[in-house]
Structures are given as C-alpha cells and as structure tokens.
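Q: Could you zoom in on one part of this model and walk me through how it's put together? I'd like one connected account, starting from a single residue pair and working outward.

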Amino acid sequence: MPERREEPARETPLVLYNTRTHAKEPFAPIDPAHVRMYVCGPTVYDDAHIGNARPVIVFDVLFRLLRHVYGAGAVTYVRNITDVDDKINARAARDFPGLPLNEAIRRVTEATQARYEAAVAALGNLPPSVEPRATEHIAEMREIIERLVAREVAYVAQGHVLFSVAAMERASGVPRYGSLARRSLDEMIAGARVDVASYKRDEMDFVLWKPSSGGEPGWPSPAGIEGLGRPGWHIECSAMAWKHLVAPFAGRLACSDVEAEIFDIHGGGIDLVFPHHENEVAQSCCAFEIPRMANVWMHNGFLQVEGEKMSKSLGNFVTIADVLKDWPGEVARLAMLKTHYRQPIDWTFRGLEEAERNLTRWYADLGDADAGADADPAVLAALADDLNTPAAVAALHHAAPAGRRAALALMGFSGDPASLARSAEGLDVAAVEALVAERDAARAAKNWAESDRLRDILAGMGVTVKDSKAGTTWEVAR
C-alpha cells in the first residue's frame with residue numbers, strides 16, 4: 001500500500017455535516033493529494049429552475065474551499081449530465097415530431113445542456129473538473145449490473161434487471177438498505193412512490209435496466225437479455241462516479257484497497273436522499289463489496305419562492321434564465337448564499353435587492369486593494385464551519401478591503417463593479433467575455449471540438465460570435 005500522505009497544514013480545520021452520520025465532523029480526505037467529490041447534475045429536458053441553481057452554487061463554494069485548502073490540482077469535482085430519461089423522450093417527441101426520436105433527443109439534450117452551462121456560468125460557478133454524460137457510460141453501467149447479478153443481489157425478469165433489496169439485507173460487509181435516509185423498510189415503503197409491477201419479487205426492488213421499444217433509445221442489454229434496453233436512473237450516477245472518481249485513481253492513492261474504492265464527498269439536494277442516493281449506495285456497495293460509497297454525504301435544503309412552494313400551477317416557477325434577465329448573476333449568487341445550505345431558503349425580491357445593495361457597497365469600498373492578499377480569516381473560519389455562508393457574509397461587512405477582495409474571490413465573486421451593471425437583455429457581459437476568451441484560446445490550440453462547444457454555449461445565452469483575421473467579436477443575437 002502506498003505511504004499515507006500527511007494533510008497540508010491549515011489554520012482552521014474544515015468541518016462538514018455528514019448526512020450519513022447526522023453529525024458535523026472534521027473532514028479527513030482519504031488521500032489529501034486526491035480529494036474527490038461527486039454532485040448530481042441536471043436531467044437535460046427543460047431549462048433549470050432557480051432551485052436547481054442551489055446545489056450548483058453550494059458545491060461550487062465547497063469546490064473552491066477544497067482547492068484553497070488542498071491545492072487546485074488536488075481536487076477532482078464531478079457533476080454529471082443525465083441525458084437518457086423518459087422525460088427527455090417525451091419532450092423530444094413533443095418538440096420535434098417530424099424527426100426520428102433519437103435525433104430529436106440529441107437536439108433537446110444538447111440545446112438544454114448548453115443553456116444550463118451558460119446559466120450556471122453566469123452565476124459565477126467554476127466548471128467542474130469532469131462533466132460526464134450518462135449516455136457515454138453505458139459500458140460502466142453494464143459492468144456494474146453484471147457484477148450485481150453475479151453476486152445475486154440483482155435478477156432478470158421480463159427483460160428488466162432489478163436490484164433486490166431483500167438480497168442486500170442478507171449480504172455481509174455492506175450497509176443496511178435505508179441507512180443513509182435513516183428509515184426502516186416499512187417507513188420507506190409507506191413514503192415511497194413505489195412502481196408496482198408484476199415482474200418484481202418485492203415492491204421495494206428497483207430497476208437497473210429496462211427494455212426499449214419502438215424508436216426509444218437503446219443499447220445492447222446486460223445479463224444475457226436479448227434486444228436493446230436502457231438504464232434506470234440510479235445506476236447512471238453509480239457508474240459515472242466509479243468511472244471518474246475511483247477507476248482513474250487505482251494504485252495512486254495513499255490508502256488501503258478498500259478505501260481506494262470509496263470517494264470523499266457525494267452531494268445533491270435533500271430531495272435526492274431517498275430513493276436516488278439510497279439506491280446509489282445499494283448498487284455501488286454491493287457491486288464492489290465496500291462498506292460505503294462515499295465517506296461524506298451532503299445535501300442542500302429546499303427552495304421556496306416568496307414563501308410558497310415553486311410550481312407552474314401557482315405561476316411562480318422561476319428559471320435561472322428568468323432571474324438573469326432582471327438581475328446580475330453575482331446578485332443572485334449572494335442572495336442564495338445568505339441562507340445556510342442545509343436550511344430551507346425563501347427566494348424573494350427583497351432578498352435580491354438586499355444582495356445587490358451589499359455587493360454595490362462592498363465593491364465600491366475595495367478601491368485598489370491588494371489582489372494577492374490573504375482572505376479575511378473570519379470569512380475563512382465561517383466557510384470552514386460546514387459552509388456557514390451567512391456567517392461569512394456577516395464577516396464580509398467588517399473585513400478590510402484586501403481581505404474582503406480575497407474572500408469574495410474565494411466565494412465566487414469578481415469584485416468588479418461592472419459585473420453588477422444590468423443590460424437591457426439581462427446578459428452577463430463578464431461571463432460572455434470569459435467564454436469568448438476561452439474559445440479564442442481553444443481556437444489558438446486548434447481544439448476545434450472545444451471551440452464548437454463554447455460557441456454553442458454562447459448561442460444558448462443568445463450571443464453570436466464572429467471570427468475574422470482581426471479576431472473574434474460577439475453580439476446579441478437578433
């Protein structure tokens with residue numbers, strides 16, 4: 001086993017609340033040279049709403065903090081894209097009825113992903129280290145399913161592969177089903193929207209793979225099943241986490257063989273604890289015979305709009321794009337961070353106004369403060385205490401200009417007053433300029449695929465780029 005590396009020295013220990021243990025704990029990465037985090041990303045069938053922005057912002061702050069503590073090159077952050085789903089199929093058939101379904105699906109997912117990436121970039125978020133698409137990881141899903149069937153915790157029935165909760169309960173060396181959500185089996189049955197199907201051995205069994213019919217997207221099925229099929233939702237994240245946070249680090253980690261199959265942090269919204277994350281744990285632990293999938297599980301709370309649950313029927317359904325039409329991205333970011341991530345948040349016009357006033361005053365006070373100074377220690381201490389962003393915001397009010405500038409940067413704010421200017425189109429000019437600069441660099445490196453990807457993101461923001469010998473220019477699409 002490689003020699004365990006010592007953690008880098010730091011003034012304030014990082015403490016995180018762990019859903020798995022229901023306690024705040026000092027964070028101790030498996031290997032400080034390779035800190036690894038997975039966060040569930042969007043299903044790209046519709047534009048992301050402001051509630052979807054919350055985990056993106058929360059875990060971006062954590063990503064930045066981990067990079068600050070352990071070094072930028074020591075942290076791998078994976079946030080996935082779910083691009084195979086029945087909701088996607090339905091949207092594609094609705095929006096492109098004249099196209100073959102698979103082509104329609106591609107159009108929906110690529111356009112929706114481009115708009116999503118543009119929106120979250122405008123909110124000041126760094127891109128994750130890896131942003132895998134589910135459809136690019138069918139081979140890994142098949143392999144995990146084959147392992148589960150071979151270990152008799154999954155079974156084949158009528159063209160489906162299902163995970164057996166009862167078989168997991170009998171397995172040794174793996175957690176009890178329900179241990180993450182801290183629910184008994186009876187409580188989970190009572191509270192779950194259980195899909196009743198004749199081919200299930202037990203009502204709590206869940207689908208790993210299902211048959212595809214007609215023009216539905218499909219791939220060769222695992223476990224000896226004839227014909228094409230597609231994965232269930234839960235298996236996708238298990239496969240992508242394994243592919244990008246476990247397999248690449250084989251033999252490189254300073255830890256035991258068992259720890260090498262586990263990663264450090266798994267995050268997402270509180271609504272994902274059960275059944276999605278519970279089922280991820282079940283699949284991964286049983287497939288790889290490990291006691292945990294991730295050491296730390298973190299979940300952000302729900303979001304309401306002006307005191308009510310957000311819903312289209314109430315007319316208060318707000319997309320990120322809707323917010324960015326009226327408010328600079330940094331204002332929306334601060335409004336989100338004024339509430340602790342584990343608490344419910346009430347998204348209000350008054351909160352946005354207050355955030356705008358705060359940023360305007362802070363930025364005006366920065367002057368020519370040293371950009372290379374250390375972040376204000378009170379802000380750092382607050383962030384290190386389970387991402388206590390309300391306390392960090394309170395500390396920013398009292399920070400000296402240099403320490404405030406560095407602390408703002410650590411929290412994902414530019415410190416540039418121009419970033420608070422509103423345009424008639426609601427366009428985040430700073431985000432556009434940054435993307436154009438990235439694209440110029442990609443073109444200079446002859447990385448045409450990346451150049452095209454960035455062009456599509458800009459198009460999703462309503463921006464047209466024009467390339468010429470004199471350089472690249474951009475304009476709002478008419």
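A: Let's start with F263, which sits opposite A294 of strand 11. Keep in mind that this is a predicted model. The strands behind that pair are strand 10, covering residues 263–269, and strand 11, and they run parallel to each other across six bridges.

Zooming out a notch, the sheet here is an open one with four strands, ordered 4-3-10-11 and paired in parallel fashion. Its edges are strand 4 (75–79) and strand 11 (294–300), each of which has a pairing partner on one side only. On average, neighbouring strands in this sheet are rotated by 20° relative to each other, if you ignore direction. Helix 1, residues 50–70, packs on the sheet and touches strand 3 (35–39), strand 4, strand 10 and strand 11. The direction of helix 1 makes about 175° with that of strand 3.

Helix 1 also leads us to the nonpolar packing. The largest nonpolar core counts 85 residues, and L66 and W347 have the most contacts inside it. Helix 1 supplies the largest share of this core, with 13 residues. As for W347, leave out anything up to four places away in sequence and you get a list of neighbours including I50, L303, V305, V323, M336 and L352. Q304 and E306 are on that contact list for W347 too. There's another core apart from this one, with 54 residues, including L180, L208, W209 and I225.

For a contrast in strand pairing, have a look at strand 5 (residues 154–157) and strand 6 (residues 160–163), which pair antiparallel over four bridges. A157 has H160 of strand 6 as its bridge partner. The two strands make a hairpin with two residues between them, and Q158 in that turn has a positive phi of about 50°.

Carry on past strand 6 and you reach S164, in the loop that leads to helix 5 (165–170). Is S164 buried or exposed? Its relative accessibility is 7%, so S164 counts as buried, the cut-off for that being under 20%. The S164 side chain reaches the backbone nitrogen of A167 at 3.1 Å. Setting aside neighbours within four places in sequence, S164 is in contact with V153, A154, Y155 and D205.

Terms used: Residues numbered from 1 in each chain as written. Predicted model: local features only at pLDDT ≥ 70, side-chain atom pairs only at ≥ 80, totals over all residues. Heavy atoms only, no water. Pairing = 2+ DSSP bridges. Axes fitted to C-alpha atoms, helices over the stretch in contact; angles between N-to-C directions. Contact = heavy atoms within 4.5 Å. Buried < 20%, exposed > 50% of the residue type's maximum accessible area, 1.4 Å probe, protein only. Polar contact = N/O pair within 3.5 Å; in protein donor to acceptor, adjacent residues only side chain to side chain. Core = buried A, V, L, I, M, F, W, Y, C linked by side-chain atoms within 4.5 Å.
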